[in-house]
Amino acid sequence: MHGPKPEIKHPIFLHPRVGFLKPLVDKPNIEIGEYTYYDDPDGPDLFAEKCVLHHYEFIGDKLIIGRFCAIAEGARFIMNGANHVLSGFSTYPFNIFGHGWEEGFDVESWRREVRGDTVVGNDVWIGMEAVIMPGVKIGDGAIIAGRSVVTHDVPPYAVAAGNAAQVVKMRFDELTVRRLLDIAWWNWPADKITRNLDAIRGNNLAKLEAAA
C-alpha cells in the first residue's frame, strides 16, 4: 500500500469533514497540489466558495497551494478583487455601481493595487480562521497560527502568528532548513514517501537525506 489515493475527495472513512482539495476544487484560477486537505464540520466541498474570497477570473490572479498542506476550519484567502483604490481621497468603489458613476474611472488606478498571485508552499499548516491577504507568499514547511492575519510573506519553516502576523520563531536552524528544502520530500512519489514515513515524521535529518 502506498497511502490514500490523492483523487479521493473524502479520504477518511466516516469522517466527511476532511477532504483532499485537488479533486474537490475545479476553478481555473486555483491550483492545489495532491494530498492538501481542508477540515470543516460543514464539509470541505465548498472550500472555493467559502474560503477563497473576492476571486474573479477577469483580474487574473491565482491561488496556488502546494502538496501536503493542512488547512483548518474557517481559513480565508482574500484575493485581489477585494482591493480598493488608495490613490484618491476616497476608497469607495463608485464605479462598480454604474448609473454614471463609472464615467471617468481610471482602471489603471485599480490595477496598481493588484498584488499578484497568492502562493502557499508545500507541507504548510494553516490554523483555524487564519486570514491570508492578497499576494502573500508562504514558504514550504511554514505554520500559520490560528486567527492570524498574514499581510506579508512568510519564509520557509517559519511560525507566524498575530495580526498582522509576524514570524515568532523558526522551526529549525538555517542549515537544517536549507537541507530540508533540498530534500523536498513532498515531491517524492507516493511509494517512496510510504517507505520513508518514519524519517519524514521523525527528526533525524541524515536518515531523511539517506532515504531511498
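## Helix H3

The face of helix H3 that points away from its buried side carries the exposed residues Glu 174 and Asp 182. This is a predicted model, and H3 spans residues 174-183. The buried residues of the helix are Thr 176, Val 177, Leu 180 and Ile 183. These four cover an arc of only 125 degrees around the axis, so they sit on the same side of H3. An α-helix has 3.6 residues a turn, so residues three or four places apart point the same way. Helix H6 (205-209) is included in what covers the buried residues of H3.

Both ends of H3 have a local feature to note. At the start, a side-chain oxygen of Asp 173 comes to within 3.1 Å of the backbone nitrogen of Leu 175. Just after the helix, Ala 184 adopts a positive phi of about 45 degrees.

## The chain as a whole

The chain contains six helices and 15 strands. Its C-alpha atoms fill a box of roughly 65 × 40 × 25 Å along the principal axes. The chain has 212 residues, and 43% of them count as buried. Among contacts with a separation of 6 or more, 45% come from residues 24 or more positions apart.

The accessible surface amounts to about 12000 Å², and carbon and sulfur atoms account for 55% of it. There are 22 positive and 28 negative side chains in the chain. The centres of these two sets lie 6 Å apart.

## Arg 67 and its surroundings

Arg 67 belongs to the loop between strand S5 (63-65) and strand S6 (70-71). Is this residue buried or exposed? Arg 67 counts as buried because its relative accessibility is 17%, and the cut-off for buried is under 20%. Its side chain makes a polar contact with the side chain of Glu 34, at 2.7 Å.

Leaving out residues up to four places away in sequence, Arg 67 touches Gly 33, Glu 34, Tyr 35 and Thr 36. The same list of contacts also includes Asn 122, Asp 123, Trp 186, Asn 187 and Trp 188. Glu 34 therefore appears both as a polar partner of the Arg 67 side chain and among the residues that Arg 67 touches, polar contacts being N or O pairs within 3.5 Å and contacts in general being heavy atoms within 4.5 Å.

## Thr 118 in strand S8

Thr 118 is located in strand S8, which covers residues 118-120. With a relative accessibility of 1%, Thr 118 counts as buried. The side chain of Thr 118 reaches the backbone nitrogen of Gly 135 at 3.1 Å.

Apart from neighbours within four places in sequence, the contacts of Thr 118 include Lys 62, Leu 63, Ile 64, Phe 77 and Met 79. Thr 118 is also in contact with Ile 132, Met 133, Pro 134, Gly 135 and Val 136.

## Backbone geometry in the loops

Most residues other than glycine have a negative phi, and most peptide bonds are trans. Asp 123 has a positive phi, near 55 degrees. This residue is placed in the loop between S8 and strand S9 (125-126). Asp 123 is partly exposed, its relative accessible area being 23%, and it is one of the residues touched by Arg 67.

Glu 129 also has a positive phi, near 65 degrees. Glu 129 is found in the loop between S9 and strand S10 (131-132), and with a relative accessible area of 34% this residue is partly exposed. Which two residues are joined by a cis peptide bond? The bond joins Asn 163 and Ala 164, with omega at about -5 degrees. Ala 164 is found in the loop between strand S14 (158-162) and strand S15 (165-170).

## Ala 199 in helix H5

Ala 199 lies in helix H5, which runs over residues 197-201. Its relative accessible area is 6%, so Ala 199 is buried. Leaving aside residues up to four places away in sequence, Ala 199 touches Lys 207 and Leu 208.

The C-alpha atoms of Ala 199 and Glu 209 are separated by 8.8 Å, and the two residues are 10 residues apart along the chain. Helix H6, which spans 205-209, is part of what covers the buried residues of H3.

Conventions
Residues are numbered from 1 along each chain as its sequence is written. This is a predicted model: local features need pLDDT of at least 70, side-chain atom pairs count only at pLDDT 80 or more; totals for chains, interfaces and linings use all residues. Side-chain values use heavy atoms; hydrogens and water are left out. Helices (H or I, at least four residues) and strands (E, at least two) are DSSP runs, numbered from the N terminus. Buried means under 20% relative accessible area, exposed over 50%, partly exposed in between (1.4 Å probe, protein chains only). Accessible areas come from the Shrake-Rupley method with a 1.4 Å probe; for residues, only the protein chains shown count as cover. Lys and Arg count as positive and Asp and Glu as negative; His and the chain ends are not counted. The place of a charge is taken as NZ of Lys, CZ of Arg, CG of Asp or CD of Glu. The arc is that of the directions from the helix axis to the C-beta atoms. A polar contact is a pair of N or O atoms within 3.5 Å; within protein, one must be able to donate a hydrogen and the other to accept it, and residues adjacent in sequence count only if both atoms are side-chain atoms.
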